[in-house]
Amino acid sequence: MDPRAPLDPRIDTPGREGLTGTAPANLYRHLPDSEDITLAPDGRPMSEQPAWRTDFPIDWPQDNYVERRDFMKFMVLVSLSLTIGQFWIAGQNWWRKHRGAPPITRIAAIDDIPVGGAMVFAYPGPADACLLVRPASGSFVAYSQKCTHLSCAVRPRVSEGLIVCPCHDGIFELQSGRPLAGPPRRPLARIRLDIRSNSIYAIDVEPRTV
């Protein structure tokens, strides 16, 4: 056929089949990319493969699919955990607001604790260990004895003005209970005190986040 000869404008004319724009779009079958082909070593389709092969793919497409699936599982679990955490915090706040004020409890007499001394007491319940410290003659401070990191029992170092956690070297300021060093990020819960007739009373718990 003479390449210089005029072409018949009809699409089905011999010699026009491969020219751009002259063949129908559905004339040629799309060939899949080599990376899109998934074939197990034994040649059987994936529907006939054992279950373990879906978690241990042998080629890129299936491997990417498993990665996306695991990522979505991870995101769902994280979202669920955050949601449960928010409900837990809301429930704790509701419980604190509706449980009423804790009882007023006598801890000790002023003379029972020397300057620079400390004692452990339970408040508001028998299992809630707290720490009462007398850093100066007319000064008393009290905190929950549970470290805000992992609830280890803290100990005072009155001469240094510190409260320390021996488990992970957490350090709190004695006068304020705020964290100074180590893993703890929240201050110790403060126990509000009242001094009446030479006696020290615990009257409330002040949970704090900053």
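This short report walks through the fold, the surface and the salt bridges of a predicted model.

## Overall layout

Let's begin with the secondary structure. The chain contains 2 helices and 10 strands. Reading from the N terminus, the order of elements is α-α-β-β-β-β-β-β-β-β-β-β.

As for contacts, take those with a separation of 6 or more: 35% of them join residues 24 or more positions apart.

## Burial and surface

How much of the chain is buried? Of its 210 residues, 26% count as buried. The accessible surface adds up to about 14,600 Å², and carbon and sulfur atoms contribute 58% of that area.

## Salt bridges

Across the whole structure, 5 salt bridges turn up. Three are worth a visit here, one of them being the pair R192 and D204, whose side chains meet at 3.8 Å, N to O. This pair links distant parts of the chain: R192 sits in strand β9 (residues 190–196) and D204 in strand β10 (residues 199–206), with their positions 12 residues apart in numbering. R192 is partly exposed, at 41% relative accessible area, and D204 is partly exposed too, at 22%.

Next comes R196, which pairs with D194; their closest N and O atoms lie 2.5 Å apart. R196 has a relative accessible area of 37% and is partly exposed, while D194 is partly exposed at 26%.

Finally, E160 and R157 form a salt bridge with 3.9 Å between the closest N and O atoms. E160 counts as partly exposed, with 48% relative accessibility, and R157 is likewise partly exposed, at 41%.

Notes
Residues numbered from 1 in each chain as written. Predicted model: local features only at pLDDT ≥ 70, side-chain atom pairs only at ≥ 80, totals over all residues. Heavy atoms only, no water. Helix = DSSP H or I, 4+ residues; strand = E, 2+ residues; numbered from the N terminus. Buried < 20%, exposed > 50% of the residue type's maximum accessible area, 1.4 Å probe, protein only. Contact = heavy atoms within 4.5 Å. Areas by Shrake-Rupley, 256 points an atom, 1.4 Å probe, with all protein chains shown as cover. Salt bridge = Lys/Arg side-chain N within 4 Å of Asp/Glu carboxyl O.
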